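This report describes the architecture of one protein chain, beginning with its secondary structure and ending with its overall dimensions. Please consult the sequence and the structure shown below while reading.

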Amino acid sequence: MSIKLVASDLDGTIIDKNNKISSKNFEMIDQLHKNNIVFTICTGKSYSVSKKICEQFNAEYGVFGNGTQIIEFKTQKEIWKNTLSKETLLFCATLAKRFGFHIHLYTENEIITEKLEYMDLRNFKLKSQNSTENLKFKVIKDIITYIENHNLEVFSLVISTEKSSLKEFEKILSINPNLAHTFINKRGKYKDKIINKDYEYLNISPLNINKDEALNFLSNYLKIKKSDMMAIGDNVNDLEMVKNSGVGVAVSEAYDELKQVATYVTKSSVTSGAFAEAIEKFICNNQI
């Protein structure tokens, strides 16, 4: 096996919580290009929000919205997109409101919410640090009415709460066969330090849409076997792509669930170049 494509998450994998990027990471990305290895960004953020940072990495492809959109950077061509239907948005938002949960929506360049409170507040604070300058925030009175009155292209809907109740709510959502949902815990050691809050959230996207399915698409598109791919991440939404790639890497601060399925867990932190450590080990030193 030889690695022909490296797919990496952004936040918490290449970029640390202070939006800093180790110089070692840039050096190893240069090594990927010198070895004609396709470098692909895989992030939960939208393309418009991530475009500037992606340009720094000179990546060939970008997977955005946790797999809802794929961009070929050289041509700026959108080669894949899948958004939530209005019916699905109304189903999720109406149900979530009955339980008193917080809701926000991600479109191509907007976060739409009734109040900046959880991940939307986190993104707002990051915007103030100039890391997501293209991201706009729209605070509205009633999100259900807004969905009904607009034809939105929503990549994902996020339901958040401080209560420990979303796992049960996720079972209720399962009655809708058109949904994919990922539960993420931001409590304890995973506490959101940007807004200094413990909470949990569900990221809801169209069925069969995630980072791993996006890599399956690229596998067919580029004629590169999944066994010849390396995937690097830190969060639960990276789990399937790390598990199903030829080499799956979890950074040292990753969620325990991800570490359990990874081929390798880095010794270095994100700040000190965890991404670079993985590239050096498996590509430069060819320890496969």
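The protein contains 10 helices and 14 strands; the model is a predicted one.

Of the strands, 8 form an open sheet with mixed pairing, in the order β5-β4-β3-β2-β1-β12-β13-β14. Strands β5 (77-81) and β14 (264-265) stand at the edges and have a single partner strand each, so one side of each lacks a neighbour in the sheet.

Within this sheet, strand β2 (residues 38-42) pairs with strand β3 (residues 61-64) in the parallel sense, over 3 bridges. In this pairing, I41 is positioned opposite G62 of β3.

Helix α10 (residues 274-284) lies across β1 (5-8), β2, β12 (229-233), β13 (247-250) and β14. The helix runs at about 160° to β12.

The following table collects values for the whole protein.

| Property | Value |
|---|---|
| Span of the C-alpha trace along the principal axes | about 55 × 40 × 35 Å |
| Accessible surface | about 12800 Å² |
| Share of that surface belonging to carbon and sulfur atoms | 47% |
| Residues that count as buried, of 288 | 54% |

The radius of gyration of the protein is 18 Å, which agrees with the value near 19 Å that a compact globule of 288 residues would have. Among contacts in the protein with a separation of 6 or more, 62% are accounted for by residues 24 or more positions apart.

Technical notes
Residues are numbered from 1 along each chain as its sequence is written. This is a predicted model: local features need pLDDT of at least 70, side-chain atom pairs count only at pLDDT 80 or more; totals for chains, interfaces and linings use all residues. Side-chain values use heavy atoms; hydrogens and water are left out. Two strands pair if DSSP finds at least two bridges between them. Helices (H or I, at least four residues) and strands (E, at least two) are DSSP runs, numbered from the N terminus. Contact means heavy atoms within 4.5 Å. Axes are lines fitted to C-alpha atoms, for helices over the stretch in contact, and angles run from 0 to 180 degrees between N-to-C directions. The radius of gyration is taken over C-alpha atoms; the globule rule is 2.2 Å times the number of residues to the power 0.38. Buried means under 20% relative accessible area, exposed over 50%, partly exposed in between (1.4 Å probe, protein chains only). Accessible areas come from the Shrake-Rupley method with a 1.4 Å probe; for residues, only the protein chains shown count as cover.
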